[in-house]
Amino acid sequence: MRYSESDLFKKYRVANRITSEHALMVQQVDETVHVVSMTQNGYLIYDANKLNLVFCGPMFYRVDCGYQHNGVVYVCSGNKVYATVRGEIIKTVLLHEGSEKSNKRVKVADEDCNRVVKQMIGFGSIILLLKENELVVTEDLNEMYKIEHEGIAMLFHPHTYVNKVIKVMQGGEMVLFNVMSRKIIYTYTAFGSMISVIEQSSVIDIVGIGLEDGTIHIFNLKSDKMLFSLKMNGRVNEMSFAGNLLVAVSDADMAVFDLDDRRKMMSVKGLTSEGKKNYDADEDAGIRGHNRVISARLIDNKSVVLSTENSISIYEINNYTLELIKRRSVYNGEIVGMEFVNRNTVLLFGPRSIFSTNIYKDEQNFMFKFKGSVEMMDVNHNVVCFGNKQLHALEVNEKRSRLVMKKDMKCLAVYKDFCCFGKDKVFLINLKSKLVHARFCVGEDLVDIAMDLDQIVVATVSGLHFYSMKGEMKSKYECTGIRSIKLVENFVVIRMENRIIFYEDGVSRVFATGEEVTDYGISSDSKWIAILCGNKVLVYDVVTSMHLDVLEMNENAKFVRFSPDIDFLLVVSESNDLIIFSNKMLFLECNKSEDDVVDFTMFKASTDKREEVWKRGRSNLCSDILLIRGLHQPSDVNDELTDITLSVQALEKLMDEEWIKGLCKQEVLKIMNLIMPHMNTAIDITQRILFSILRYKSHLLEPDDISAFNKMFGSVWTDFEESMLKTIGYLTVEAEGLI
């Protein structure tokens, strides 16, 4: 996917694409082993010990081939070659086309060349780029020369062969070629089938040659002699040697061979690329019956790293079996919905699956235990989804779903433990107890529902209907053409065909796009809104309605969301790529002035000033305590309202964090005892005072003090909670009942 340059966001990576048809690359870097996985638009580097993502490469228009050497990853994309280190591009070279037609070494001219590089190999600092009719030779992408050729299908560099490569011609001929002298040194005996892959073994001069008919020849290059042959099913695509082991991947399966015994140890059959994908989170048997194996590389003589369409796994070869050690998996099937559940985790909803993706750590990805289908979903302090007349609630910590009920519905909304849904009638239920707390009829065809703690908003073909949590009609706003609604703070956000409206007792904001609105996302601080229109993401400032930025892609997209910390903008394309754009503020360097040094004099003065505040607070403690104590017993009902107001004012004095920092243990205990009677009248203030006390003075309190206070607080809180529930009618079950 191609992107236009944005002022606010930088293209970061495609989170649900961690592999591709390119082979894995394994290389020792210092004391660790790095596994490089090329994707369609970039690359990922994993630490083989823990299989943690170490570096994420830049995003390119496409990746044609790659090569790794001494920590540098070279990437060919179109007619450009990039050198990258630690995920950053350090050099870019444009490949040109010369006008001369000869077999001499010709210095590259300045004409443009759009031909794709078929293969890139290297030995030392020398890099070879194989194009359709040219072989480009360069040293660290500095001076480049080309050698024109006809019919080279593949290149291979044998170990210890200085400046020499094996050229496999399109007719099947294999020759040893000196790159510097441009001379053919030796022509090998032809094989009965076309060569598909060549791989260096652990022994000098010995290589493995894979053929398209599935034959693997263990071959001595020096003596031009075939030592022995092995057989696989289908075209041999890749081989890897370590010690006496050979791992080979074909179109049909993956096999492990024992070279000492010259026999196959095991064979793992996978599905073809057109086969059905299975995303069962409980299946630890590995790749059996799962996606076909794309690439396999031996890390040592007992460990192998495998890549499939949706995972990278490390297995240990033990007693002729494969034992799974670690796996990193993603979901790359059809995506019908996307919602964040916290700052790190986004849920991807498939037609029959739900996958949790951590945008920072791939190792925390997992598939929910879910047996159902997904047609609608909502996430708001809870997660519900509906499909095939079944309503499911997700239990994120247990990584599973729970069937709530079987009932047909047209739209739904969730807030914490309560779910509102409807078709002919609207119901409000408790997801845990399954009690119905409200039931009412709107009298029109429903379009969408939104809810929070205070109200239920129903969108119909005629407009918005506002209801209390008991189902009582409060107001109505006439508006036609509504497609969906969402509650954001005090606003009802309305999505129409080509505009987004913010409504609060009247239209407050209108964002007209002029194009059909596919989806939209609002930042957690309600300052930005991203509106998706086809292949464009329009970013606006909500307060000023100013158009800030536009991200344009060459493919239409389906969903867009801001991460809760606004560090990332996520877009799901029509081809189901989960594209992550990073906020460019994360990449700004903090240039610290040389004059910025710590002034300890100012620090001491500030500390002395805070000490004076603490001392003054301690001196006023007795008067504050007396004031609070004098408010405990109101004389009559009329005085009670006045006393509550005064008590709140007195409590607010205790909210000063600087004052709390100067309290001693006895003063802390007195404050904890004195604020307890005010739980029912000023719960928000008392909670903030308790938070400050526990934050700054918990080290002064004994376990018995905490236990006694916790018991007293729990009793008061239970009474308060029951009173509140009775007030809003949630405990009135007589008129409600079960569905």
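Modeller: Two strands count as paired if DSSP finds at least two bridges between them. The model here is predicted, and that rule can be tried on one of its sheets.

Biologist: What makes strand E35 and E36 a pair?

Modeller: 2 bridges join strand E35, residues 354-358, to E36. The rule asks for at least two, so the two strands count as paired. They run antiparallel. Across this pairing, Ser356 stands opposite Phe366 in E36.

Biologist: Which strands form the sheet that holds E35 and E36, and in what order?

Modeller: 4 strands form an open sheet, ordered E33-E34-E35-E36, with antiparallel pairing. Strand E33 (337-340) and strand E36 (366-367) each have a single partner strand, so they stand at the edges and one side of each has no neighbour in the sheet.

Biologist: What holds strands together in a sheet?

Modeller: Strands of a sheet pair through backbone hydrogen bonds, in a parallel or an antiparallel way.

Biologist: Phe366 came up in E36. How do you know that Lys399 lies over the face of Phe366?

Modeller: Lys399 is 4.8 Å from the ring centre of Phe366 and lies over its face. The distance limit is within 6 Å of the ring centre, so 4.8 Å passes. Lys486 lies over the face of Tyr520, also at 4.8 Å from the ring centre.

Biologist: Why is the pair of Phe421 and Phe427 called stacked?

Modeller: The structure holds 19 aromatic pairs. In the pair of Phe421 and Phe427, the ring centres are 5.6 Å apart and the planes are at 25°. Centres within 6.5 Å make a pair and planes under 30 degrees apart count as stacked, so this pair is stacked.

Biologist: What makes the pair of Phe502 and Phe511 edge-to-face?

Modeller: For Phe502 and Phe511 the values are 5.7 Å centre to centre and 70° between the planes. An angle over 60 degrees counts as edge-to-face, so 70° puts the pair in that class.

Biologist: Why are the four rings' residues called buried?

Modeller: Buried means under 20% relative accessible area. Phe421 has 1% and Phe427 has 10%. Phe502 has 2% and Phe511 has 1%. These values fall under the cut-off, so the residues count as buried. Elsewhere, ring pairs link Tyr186, Tyr188, Phe191 and Phe219 into a cluster.

Biologist: Why is Gly71 called partly exposed, and His381 exposed?

Modeller: Gly71 has a relative accessible area of 31%. That lies between the 20% and 50% cut-offs, so Gly71 is partly exposed. His381 has 59%, which is over 50%, so His381 is exposed. Gly71 lies in the loop between strand E6 (65-69) and strand E7 (72-77). The loop of His381 is between strand E37 (376-379) and strand E38 (383-387).

Biologist: Why remark on a positive phi in a residue other than glycine?

Modeller: Most residues other than glycine have a negative phi, so a positive value is an exception to that rule. His381 has a positive phi of about 60° and is not a glycine. Arg262 has a phi near 55°, and its place is in the loop between strand E27 (253-258) and strand E28 (263-269). In the hairpin of E31 and E32, with 2 residues between the strands, Asn319 has a positive phi near 55°.

Biologist: How do you know that E31 pairs with strand E30 and with strand E32?

Modeller: Strand E30 (residues 303-307) and E31 share 5 bridges, and E31 and strand E32 (residues 321-329) share 8. Each count meets the rule of at least two, so E31 is paired with both. Both pairings are antiparallel. Val305 stands opposite Ile314 in E31, and Ser311 stands opposite Ser329 in E32. A hairpin of 3 residues joins E30 to E31.

Biologist: What makes strand E31 mostly covered?

Modeller: In strand E31 (residues 311-318), 6 of the 8 residues are buried.

Biologist: What makes a space in this structure a cavity?

Modeller: A cavity is a set of points where a 1.4 Å probe fits but cannot get out. The structure holds 2 cavities of 30 Å³ or more, and the largest has a volume of about 90 Å³. Its lining includes Arg13, Tyr43 and Cys56. By class, the lining has 5 nonpolar, 5 polar and 2 charged residues.

Terms used. Residues are numbered from 1 along each chain as its sequence is written. This is a predicted model: local features need pLDDT of at least 70, side-chain atom pairs count only at pLDDT 80 or more; totals for chains, interfaces and linings use all residues. Side-chain values use heavy atoms; hydrogens and water are left out. On a 1 Å grid over the protein atoms alone, a cavity is a set of points where a 1.4 Å probe fits but cannot get out, and a pocket is an open set with protein on both sides within 12 Å along at least five of seven lines; lining residues have an atom within 4 Å of a point. Grid points are joined across faces, edges and corners, and a volume is the space filled by probe spheres set on the points. Ala, Val, Leu, Ile, Met, Phe, Trp, Tyr, Cys and Pro count as nonpolar, Asp, Glu, Lys and Arg as charged, and the others, Gly among them, as polar. Rings of Phe, Tyr and Trp (its six-membered ring) pair if their centres lie within 6.5 Å; planes under 30 degrees apart count as stacked, over 60 as edge-to-face and the rest as tilted. Buried means under 20% relative accessible area, exposed over 50%, partly exposed in between (1.4 Å probe, protein chains only). A charge sits over a ring if NZ of Lys or CZ of Arg is within 6 Å of the ring centre and within 35 degrees of the ring normal.
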